[in-house]
Amino acid sequence: IPQLNHYYFSSILSGIEEEASVRGYRILVAQSNEKYEREAAICQSFYENKVCGVIVSQAKDTQKYDHFTKLMEHGLPLVFYDRICTGLNACRVVVDDYLGAYTAVNHLIGTGCRHIAFYGTSMKLEISKNRYNGYRDALLKNGIEPDDSLIRYCDNRAAAEAITPDMLALDPPPDAFFAVNDDTAIGILYSVKNLGFRVPEDVSICGFTNGERAIACDPMLTTVEQRGKRVGEEAANILIGQVEGSIPMDKVEKRIVRTRLIIRGTTH
């Protein structure tokens, strides 16, 4: 798991643990803290401790995948979730990032927004590309030309608070923001309100997660619900299926968990 302090990853872990427990398995948990070296060391440790399989979300800075290849070569079932390794044809469980983003941005446009900013992460990650493409295609579908000046690499609250004032100084300023996660969206919300803009009358904001913080801010956050617990259950189901033989080891199982848009007070 990249970071357990993220609501989404902790909810995925809950789903994994629940499914594993019901089926008589125990889990070992480790955090990569978004570092390739730590991720590789964890994989080696799991192998040495003779685990029966591994469920993993790739760290942000992972660009080599030899540590994953080694596990597969030694016959260990490997299931990716959220951030998948595109260099391997391995089992995976993802949410429909593209459709989630498309639906959210289409909603913003439907409420009258035309200058919609996008805060995302590195396009090296598949989920980032999918969410950006959903954002872009929603604009194009509605006759709005994407504007590179409204796109920023930003995926946490502190960074969002730092860069949003400059975004709001643009002419014209964004009338909406779509953020890659709720923390980033809440950073935007803080900055927007701090600068005297009204939400959603002047600026609309949409996040992506639907964690507990989404209902702890004022106004409460419109966001795309990722259903992390379901992602965890599906990942554990695939892994245990391969361990027990109900899913062949040579079958690459790919499952998609549907998202849904939760409309609250930061949008009309």
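Reader: Where does Ser32 lie?

Author: Ser32 sits in the loop between H1 and H2. Keep in mind that this is a predicted model.

Reader: What makes Ser32 count as buried or exposed?

Author: Compare its value with the cut-off. The relative accessible area of Ser32 is 3%. Buried means under 20%, so with 3% Ser32 is called buried.

Reader: Which residues is Ser32 in contact with, leaving aside its neighbours within four places in sequence?

Author: They are Ile1, Pro2, Arg38, Glu39, Ile42 and Ala59. Contact means heavy atoms within 4.5 Å, so each of these residues has a heavy atom within that distance of one in Ser32.

Reader: Let's turn to the strands. How do you know that S1 and S2 pair?

Author: Count the bridges. S1 and strand S2 (residues 78–81) have 3 bridges, in the parallel sense. At least two bridges are needed for a pair, so S1 and S2 qualify with 3. As one example of how the two strands match up, Val56 stands opposite Phe80 in S2.

Reader: What is the strand order in the open sheet?

Author: The sheet has 4 strands in the order S1-S2-S3-S9, with parallel pairing.

Reader: Why are S1 and S9 called edge strands?

Author: Strand S1 (54–56) and strand S9 (254–257) each pair on one side only, and that is what earns them the name. From one strand to the next, the twist averages 15°.

Reader: Now the pockets. How much space lies in the largest pocket?

Author: About 590 Å³. It is lined by 28 residues, and the closest to its centre are Ile27, Leu28, Phe46, Gly53 and Ile55. Helix H1 (7–22), helix H2 (36–48), S1 and helix H8 (228–244) each supply at least two residues of that lining.

Reader: What makes Ile27 and Gly53 nonpolar or polar here?

Author: Ile counts as nonpolar and Gly as polar, so Ile27 and Gly53, both in the lining of the largest pocket, fall into those two classes. The whole lining divides into 23 nonpolar, 3 polar and 2 charged residues.

Reader: How do the residues of the lining of the second largest pocket divide?

Author: There are 7 nonpolar, 9 polar and 10 charged residues in that lining. This pocket has a volume of about 480 Å³. Of its 26 lining residues, the closest to the centre are His6, Tyr8, Phe9, Asn181 and Thr209.

Reader: Which element gives the most to the lining of the second largest pocket?

Author: H1 does, with 3 residues.

How values were computed
Residues numbered from 1 in each chain as written. Predicted model: local features only at pLDDT ≥ 70, side-chain atom pairs only at ≥ 80, totals over all residues. Heavy atoms only, no water. Axes fitted to C-alpha atoms, helices over the stretch in contact; angles between N-to-C directions. 1 Å grid on protein atoms, 1.4 Å probe; cavity = no way out; pocket = protein on both sides within 12 Å on 5 of 7 lines; lining within 4 Å. Points joined across faces, edges and corners; volume = space filled by probe spheres on them. Buried < 20%, exposed > 50% of the residue type's maximum accessible area, 1.4 Å probe, protein only.
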